[in-house]
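Subject: Handing over a structure, with notes

Dear colleague,

I am passing a structure on to you, and you will find the sequence and the coordinates just below. My notes on what was found in it follow after that, arranged by topic so that you can read them alongside the display.

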Amino acid sequence: MLIFVVIFGTGVAIAYAMNPQLGIVESEGIAIAAFIIGLAVSSSIKIADPWDKAVVLRLGQFRSLKGPGLFFIIPILDTIPYWVDTRVITTSFKAEKTLTKDTVPVDVDAVLFWKVLDPQKAALEVADYMLAINWAAQTALRDVIGKTMLSDMLEGRDKISNILQKIIDERTEPWGIHVNSVEVKDVLIPPALENAMSMQAQAERERQARVILGDSERQVAEKFGEAALTYANNPVALHLRAMNMLYEGLKQNSTIVIVPSSAIDTMQLGSMAGLTALTMGIGQDKLNKGSSENGTLQQSKL
């Protein structure tokens, strides 16, 4: 527009200056010629952005690709039907209420990352390459969903994305388009099926917890059986264990403990005098420990 205004303004100024010498008709002719020249020159100058490629046709035939930067075309003879963006483009697509291989309706959202590698093919081989790649992605997604089990779809999104990328790339390669990657964003299942799957997962967790608990009980029983065999073959070990259990009970809980007579006989305490002496000794240990912590000596009678 600036070039058009400069050329046309210059022509009008010249026509106005030469009006007394040439007359009105000649002056108007100069102004009209300046208008035509300015329009032709401004139409022949084009500027493409760094990411754009201009497809130039001359009389209906492919001429060349222009850009980025400044370039010129011949007005009327040359036309630019397409400006092709060569950057990486993202396209969101989805498949709604599509049946999986096990006849479960799902809604799947995905994102396609693609790029035009050959602008000439993208402009000449397909009418609208952006719309075409969107439809190609949707049909490929529906095909993959129909051949995949629901469990595989929920667990293996990366695998589905790779399959989609390969299928879409094969379909768009004749158009000069390369698919960089496909990302499956979300897989939506019916609410009733979602609740059923949640209950199934909870039941499976409970089953595993019970199995682990039962296995733990079995291991504990086996260890107790091994300990019983050890004590049966070694009375000294059983005697030491019984004395230790009695000592721990008296030290932590109270000074009165009900002990089976068989345990007394095994520990060879002989009579209640021996048990009383053991109890008094433990009580005296507690008293001495409390006195050392408080910093004062306390006396008590048992």
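Leu 39 is found in helix H3, which covers residues 24-44, and please keep in mind here and throughout that this is a predicted model. With a relative accessibility of 44%, Leu 39 counts as partly exposed, because that class takes in values between 20% and 50%. Leu 39 also belongs to a nonpolar surface patch of about 380 Å², which it makes together with Ile 32, Phe 35 and Ile 36. If you look for what lies around Leu 39 in space, you may want to compare its position with that of Pro 75, which is 36 residues away along the chain, while the C-alpha atoms of the two are separated by 9.2 Å.

From the surface I turn to the interior. The count of cavities of 30 Å³ or more comes to one, and the largest cavity has a volume of about 40 Å³. Which residues line the largest cavity? They are Val 108, Leu 141, Ile 145, Met 153, Arg 157, Ile 160, Val 184 and Val 187. Sorted by class, this lining has seven nonpolar residues, no polar ones and one charged residue. At least two residues of the lining are supplied by each of helix H5 (129-146), helix H7 (157-172) and strand S8 (177-188).

Arg 157, which is part of that lining, also forms a salt bridge with Asp 186, and the closest N and O atoms of this pair are 4.0 Å apart. This pair links distant parts of the chain, since Asp 186 is in strand S8 and Arg 157 is in helix H7, 29 residues apart. Both partners are partly exposed, Asp 186 with a relative accessible area of 30% and Arg 157 with a relative accessibility of 29%.

Helix H7 takes part in another salt bridge, in which the side chains of Arg 171 and Asp 143 meet at 3.3 Å, N to O. Arg 171 lies in helix H7 and Asp 143 in helix H5, so this pair ties together parts that are 28 residues apart in sequence. Here, too, the partners are partly exposed, with relative values of 33% for Arg 171 and 38% for Asp 143.

How many salt bridges does the model contain by the rule used? The count comes to eight, and one further example joins the side chains of Asp 215 and Arg 218 at 2.5 Å, N to O. Asp 215 and Arg 218 both lie in helix H8 (residues 191-233), where they are three residues apart, about one turn of the helix. Asp 215 is partly exposed, with a relative accessible area of 30%, and Arg 218 is partly exposed as well, at 40% relative accessibility. Salt bridges that share partners join Asp 215 and Arg 218 with Glu 222 into one network.

When you open the model, you could begin with the patch that includes Leu 39, go on to the residues lining the largest cavity, and then follow the salt bridge from Arg 157 to Asp 186.

With best wishes

Key:
Residues numbered from 1 in each chain as written. Predicted model: local features only at pLDDT ≥ 70, side-chain atom pairs only at ≥ 80, totals over all residues. Heavy atoms only, no water. Patch = residues over 30% accessible without salt bridge, like charges linked within 9 Å, V, L, I, M, F, W, Y side chains within 5 Å. Areas by Shrake-Rupley, 256 points an atom, 1.4 Å probe, with all protein chains shown as cover. Helix = DSSP H or I, 4+ residues; strand = E, 2+ residues; numbered from the N terminus. Buried < 20%, exposed > 50% of the residue type's maximum accessible area, 1.4 Å probe, protein only. 1 Å grid on protein atoms, 1.4 Å probe; cavity = no way out; pocket = protein on both sides within 12 Å on 5 of 7 lines; lining within 4 Å. Points joined across faces, edges and corners; volume = space filled by probe spheres on them. Nonpolar A, V, L, I, M, F, W, Y, C, P; charged D, E, K, R; others polar.
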